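Here is a friendly walk through a two-chain model. Have a look at the structure below, and then we can go through its parts together.

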Amino acid sequence: MSFRTLSLGLAVATMLGGTALPAFAQDSIYVPLFTYRTGPFAGSGTPIADGMHDYLRMLNERDGGIGGVKLALEECETGYDTKKGVECYESVKGKSPVVVNPWSTGITLPLIPRASVDKIPILSMAYGLSASARGDIFPWVFNPPATYWDGLSMIIKYIGEKEGGLDKLKGKKIGFLHLDASFGKEPIPLLQELSKELGFEVALYPVAAQDMQNQSSQWLSARRDRPDYMIMWGWGSMNGAAVKEAVRSGYPMDKFYSVWWPGEDDAKSGGAGAKGFKMLNWHAVGTNFPAIQDIQKHVVDKGFSKAPKDKVGELLYNRGVYNSLLIAEGIATAQKLTGKKAVTGEDVRRGMENIKLDPARLKELGLEGFTDQLVLSCADHNGHRAAFMQEWDGTKWVKISNPIEPMTDRVKGQLDAAAKDYAEKNAGWPKRTEACDKAS
Amino acid sequence: MDMLYKVFIEPFAFMGEAPDLLIQTLWEGLVSGVLYALIALGFVLIFKASGVFNFAQGIMVVFSALILVGLYEKGVPAFLALILAALAMLVLAIVVERVVLRPLVNQPDIILFMATFGLTYFLIGFGELIFGGSPREMITEQLFLPQGTTEIDAFGGSIRLQHLDIAAAVIASIMIGLLAVFFSKTRIGRALRAVADSHKAALSVGISLNQIWVIVWFAAGIVALVAGIMWGARSGVSFSLQIIALKALPVLILGGFTSIPGAIIGGLIIGVGEKIGEFYWGPLVGGGVETWLAYVIALLFLLYRPQGLFGEKIIERI
């Protein structure tokens with residue numbers, strides 16, 4: 001072996017050694033965070049990643065972790081790419097993660113069958129497969145506080161109420177502008193069922209990922225079809241571009257609704273014309289909560305956060321905080337249930353099934369009034385909680401409705417059928433063997 | 001029969017029924033086409049001078065726009081930021097020539113193409129490192145780009161013309177005109193054409209290849225900056241803009257890789273074609289035809305005219 005080959009070998013070995021994945025101590029709880037701070041979806045992904053990280057880091061800094069056990073946090077960049085997301089999952093699963101947050105419906109779908117095999121619970125907060133709300137069929141998947149189908153039914157219900165009743169939707173036309181991907185297509189089956197049932201017409205406007213910032217065709221088509229209402233299921237730079245195009249094409253903004261994903265920057269991109277744009281939400285914006293002020297004190301002010309100071313408390317940042325609140329609550333509940341401090345994925349699955357975020361608990365956590373209560377159970381992994389409608393007033397979001405309950409009567413049958421269908425189509429789908437805790 | 005009616009009769013009948021929408025669609029197509037042409041021009045410039053298909057042209061659009069917006073956000077006045085962004089493209093041109101092109105001179109074209117591939121991913125990573133991944137708003141007002149809409153009542157309907165779109169079409173046309181004059185009337189332009197015809201012959205008459213490459217990459221950088229400003233003003237500045245830039249590929253196939261008029265005509269055909277296709281025939285297949293229609297149009301042209309509308313016919317002696 002020549003000296004050159006030997007040197008090269010040593011250099012490669014050193015590099016591999018140097019980049020070896022960090023080992024996590026037995027007395028810590030490993031929480032990987034799948035995030036995307038790069039690529040076309042970074043506009044939505046970055047504030048959420050910051051909120052998720054900062055809340056958990058705050059628990060480490062302020063309380064020394066959860067139940068006295070530090071959280072070992074590690075981000076894995078997925079770029080909102082399903083392939084990279086699955087690679088992230090493969091890279092973290094050997095390190096005993098207690099929960100995985102895919103932050104993409106596309107990534108969630110291939111992970112669902114793996115969860116029960118690898119004993120790693122999946123938390124797809126208000127995204128992913130709507131049918132996975134059924135805990136008896138999907139014991140390892142959690143998607144609180146509402147499914148996409150719940151969200152769609154809330155928007156239809158709200159529009160119906162504006163019109164004077166759901167029966168008044170007969171003969172109306174509803175446009176559905178959506179990202180042409182698993183996420184954007186998820187509520188279409190329910191939309192089509194509701195259109196048959198309530199007698200409204202649906203016009204679909206798919207937006208390919210590569211054309212997210214080139215939507216003039218979709219809005220031209222909307223001008224042709226003249227939908228009475230437009231509902232958007234968008235993500236990343238699609239949301240801001242859609243608001244801009246809606247303003248450009250002169251679509252009445254008070255008839256333009258979105259599921260819960262646009263942020264302040266998306267609405268701002270439409271300028272003054274974006275006033276009146278509406279979206280669903282289920283938690284507060286702002287920093288006026290002791291827990292978020294603790295994030296500022298223990299994380300942001302100490303330079304542990306990647307978030308600019310003025311972004312703390314914005315809508316998508318607080319969405320990330322909510323996501324981590326669920327993770328932390330799942331871990332804390334698991335510790336209580338098992339009496340163990342360093343809990344495992346199996347323990348946290350049980351913990352998630354026993355989450356009870358009532359007003360008293362929210363107050364205890366420093367998040368009084370931040371969100372509505374959430375109770376999960378062995379059978380219900382979602383909660384199907386109400387959301388409220390908020391409107392962009394030109395500078396900020398303003399809450400304009402009381403809580404809107406999902407149309408459970410119309411959604412539940414569809415959801416049950418979809419869950420059953422999923423289990424039948426995936427041959428050998430395991431029957432639930434995990435015991436339910438008493439409390440659940 | 002019903003399908004034949006929907007494909008061959010209904011769209012044309014609808015064009016007649018609602019001419020305002022036809023004009024609106026044509027206008028949107030023209031604006032998109034002009035912007036595609038602007039991006040395609042960047043590709044043509046570099047291909048003409050060096051025979052390199054510069055895959056990095058798309059990210060150069062994003063990168064230049066991000067520099068402009070990023071500098072403005074740091075407190076630099078808008079027009080100074082514009083000048084600094086242009087200078088940054090000059091620095092990029094010099095670095096590319098020194099680090100990428102010069103060491104790879106005389107290598108096969110595919111090697112140079114792969115080098116621009118590498119440059120693309122470097123610029124994406126570098127851009128995200130400096131500016132972060134979040135979308136930004138273009139400083140439209142600060143650059144005195146017009147805002148607002150003119151609505152013209154016509155044919156029982158209305159046609160909405162965005163002032164920004166009109167400005168985009170005018171600015172892009174001026175840009176194209178200036179480049180055409182630059183390459184046909186100036187000494188550097190003639191030198192560039194000489195390099196495009198034959199590197200060896202150009203060298204033999206004392207033309208510096210390195211200098212020409214810097215000039216041409218800088219010109220492509222300026223074109224990218226203008227394209228970035230106009231696209232950014234329409235839909236925001238984000239890394240997904242570089243994907244739109246790939247729409248320039250069918251434009252190039254159509255117009256020819258070496259022709260400036262080809263890039264313009266190709267851009268307009270693709271822009272108008274995809275909008276008309278999506279608007280009138282898209283609903284037949286559930287929409288979304290725009291994504292692939294441009295490539296189908298380009299492919300059809302390719303079958304009959306492989307060198308593109310204005311490209312030079314390749315004749316090789318055997």
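Trp392(A) has Trp397(A) of strand S13 as its bridge partner. The two strands involved, S12 (residues 388-392) and S13 of chain A, pair in the antiparallel sense over 3 bridges; strands are said to pair if DSSP finds at least two bridges between them. Strands here are DSSP runs of E with at least two residues, helices are runs of H or I with at least four, and both are numbered from the N terminus.

A word on conventions: this is a predicted model, in which local features need pLDDT of at least 70 and side-chain atom pairs count only at pLDDT 80 or more, while totals for chains, interfaces and linings use all residues. Residues are numbered from 1 along each chain as its sequence is written, and chains are lettered from A and ligands numbered from 1 in the order in which they are written.

**The sheet of chain A**

The tryptophan pair belongs to strands S12 and S13 of chain A, and these strands take part in an open sheet of 7 strands with mixed pairing, in the order S6-S5-S7-S8-S9-S12-S13. Its edge strands, S6 and S13 (397-399) of chain A, each pair on one side only. Neighbouring strands of this sheet are turned by 25 degrees against each other on average, direction ignored. Helix H8 of chain A packs on the sheet, where it touches S5 (173-179), S6 and S7 (229-233), and its direction makes about 165 degrees with that of S6(A). For such angles, axes are lines fitted to C-alpha atoms, for helices over the stretch in contact, and the values run from 0 to 180 degrees between N-to-C directions.

**Two domains in chain A**

The domain assignment, which is automatic or from a database, splits chain A into domain 1 (25-146 + 285-386 + 417-425) and domain 2 (148-283 + 388-408). Their C-alpha centres lie 26 Å apart. How many residues of domain 1 of chain A are in contact with domain 2 of chain A? There are 26 of them, facing 27 residues of domain 2 of chain A, where contact means that C-beta atoms placed from the backbone lie within 7 Å. On the domain 1 side, H2, H4 and H12 (315-338) of chain A each supply at least two residues, and H12(A) gives the most, with 4 residues.

**Where the chains meet**

Between the chains, 32 residues of chain A are in contact with 30 residues of chain B. Helix H2 (42-63), strand S6 (201-207), helix H8 (216-225) and helix H9 (237-249) of chain A each supply at least two residues of the side that touches chain B. The table sets out the make-up of the two contact sides described for chain A; Ala, Val, Leu, Ile, Met, Phe, Trp, Tyr, Cys and Pro count as nonpolar, Asp, Glu, Lys and Arg as charged, and the others, Gly among them, as polar.

| Side | Nonpolar | Polar | Charged |
|---|---|---|---|
| Chain A, touching chain B | 9 residues | 15 residues | 8 residues |
| Domain 1 of chain A, touching domain 2 of chain A | 15 residues | 8 residues | 3 residues |

**Backbone details in chain A**

The peptide bond from Pro144(A) to Pro145(A) is cis, with omega near 0 degrees. Pro145(A) is found in the loop between strand S4 (141-142) and helix H5 (148-163) of chain A. Lys119(A) is not a glycine, yet it has a positive phi of about 60 degrees. This lysine, Lys119(A), lies in the loop between helix H4 (105-118) and strand S3 (122-123) of chain A. Lys119(A) counts as partly exposed because it has 16 C-beta neighbours inside 10 Å; 20 or more other C-beta atoms within 10 Å, placed from the backbone, would make a residue buried, 12 or fewer exposed, and values in between partly exposed.

**Chain B: a hairpin and a helix**

In chain B, 6 bridges join S1 to S2, which run antiparallel. Glu151(B) has Arg160(B) in S2(B) as its bridge partner. S1(B) and S2(B) form a hairpin with 2 residues between them, and Phe155(B) in the turn has a positive phi of about 50 degrees. With 14 C-beta neighbours inside 10 Å, Phe155(B) counts as partly exposed.

Helix H7 (residues 163-185) of chain B has 23 residues and should span 33 Å at 1.5 Å a residue; its end C-alpha atoms are 32 Å apart, which agrees. The expected span is 1.5 Å times one less than the number of residues. Buried residues of H7(B) include Leu164(B), Ala168(B), Ile176(B) and Phe183(B). The buried residues of H7(B) pack against H3 (19-50), S2, H8 (187-197), H10 (209-235) and H13 (260-281) of chain B.

Notes
Contact = placed C-beta atoms within 7 Å.
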